[in-house]
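Got your viewer ready? Load the model below and follow along, one selection at a time.

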Amino acid sequence: MMKTRSGFIAIVGRPNVGKSTLLNQLIGEKVAITSDKPQTTRHRISGIYTKDDTQIVFVDTPGMHKAKDLLNKRMDRTAVQTLRDVDGVIFMVDRMRGASETHIIKYFESIHVPVFLVINKIDALKNKSEIDEIIMSYLNVYDFKAYIPISAKEQTHIPKLLEEIDKILVEGPFYYPIDAKSDQSQETMMAELIREKILYHTEEEVPHAVFVQIESLKYNKKLKTLDATAIIIVERTTQKLILIGKNGEKIKKIGMEARKDINRTLDLKVHLELWVKVKKDWRNKESDLKLFGLGDDV
Ligand SMILES: Nc1nc2c(ncn2[C@@H]2O[C@H](COP(=O)(O)OP(=O)(O)OP(=O)(O)O)[C@@H](O)[C@H]2O)c(=O)[nH]1
Ligand SMILES: [Mg+2]
């Protein structure tokens, strides 16, 4: 039998630095949703990279920050716990070291695996010398395995990052079939794609107050489509009104874009029905979080 090599690599960092964008580029497919709003990723998502004799499971995590509500505290903990189960860590940053980066680095002291400092968004820097300034601010605070400037968006230096990760892999089994790309169910991915459109079309507190749940999925033999009903949960009636929009225009647009993306990303023809429901303060209720798969035991 062929000898195989494998490993689990966590991707951690502050919210909005580009972790999920990198995951998607590494896998070559949309595995995780992304947005310009912080706290987009809420649970850990594995993206599976398989090439020749090598399989790397990249574990995307929610952005780490000082959390206020129970949901965000849970998200933070998810990221911290992921650090314990991996063979290496990508610590992603997009600026010089500040208090929040220093806070995250503290968690690396108790794990005994290599940590790569990945400086993302170099396409947005005006000057190459800024990369050096950023790297300098991280020297002497932790013994990073390597310092790798990249642009996840423009796919700059991603092979270099893979090369560095490859060096730390050891002999091990393939944990997933060779054609697997993600550990997410189709249903979860569908809900995530709907949430991504909501993130795009709403502002301020609304994106954070939303949870999407697929209520029913039925195959329609006659039309050869999947009939899906999704419930969009918000925390207040005002948020519900914002989401629905004037004459229902906003929700219609969200539904249309989600349907198109589900078709493109999951290769599924769906008929999508969206309902908006208010569940007061769900982000702070253990019972609701549990119901949504974000409970204490995850
Ligand atoms: N200019 C530039 N923007 C980027 C790059 N990578 C990601 N972005 C943008 O940064 C924003 C955040 O990207 P995400 O991938 O959702 O960030 P994240 O770290 O997963 O965020 P959370 O899930 O909220 O923690 C999006 O608007 C991306 O398009 C990059 O290399 N260059
Ligand atoms: Mg993310």
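In what order do the 3 strands of the open sheet run? They go β8-β9-β10, with mixed pairing; strands pair if DSSP finds at least two bridges between them. Helices (H or I, at least four residues) and strands (E, at least two) are DSSP runs, numbered from the N terminus.

A word on ground rules: this is a predicted model, where local features need pLDDT of at least 70, side-chain atom pairs count only at pLDDT 80 or more, and totals for chains, interfaces and linings use all residues. Residues are numbered from 1 along each chain as its sequence is written, and side-chain values use heavy atoms, leaving out hydrogens and water.

Back to the sheet. β8 and β10 sit at the edges with a single partner strand each, so one side of each has no neighbour in the sheet. Now show β9 and β10: they pair in the parallel sense over 9 bridges. Pick V234, and you'll find its bridge partner V278 in β10.

Next, add α6, which packs on the sheet and touches β8, β9 and β10; contact means heavy atoms within 4.5 Å. Its direction makes about 125° with that of β8, where axes are lines fitted to C-alpha atoms (for helices over the stretch in contact) and angles run from 0 to 180 degrees between N-to-C directions. Then add α8, which touches β9 and β10.

Finally, select I194. Leaving aside neighbours within four places in sequence, I194 is in contact with V212, I214, A230, I254, A258, L272 and L274.

Notes
Chains are lettered from A and ligands numbered from 1 in the order in which they are written.
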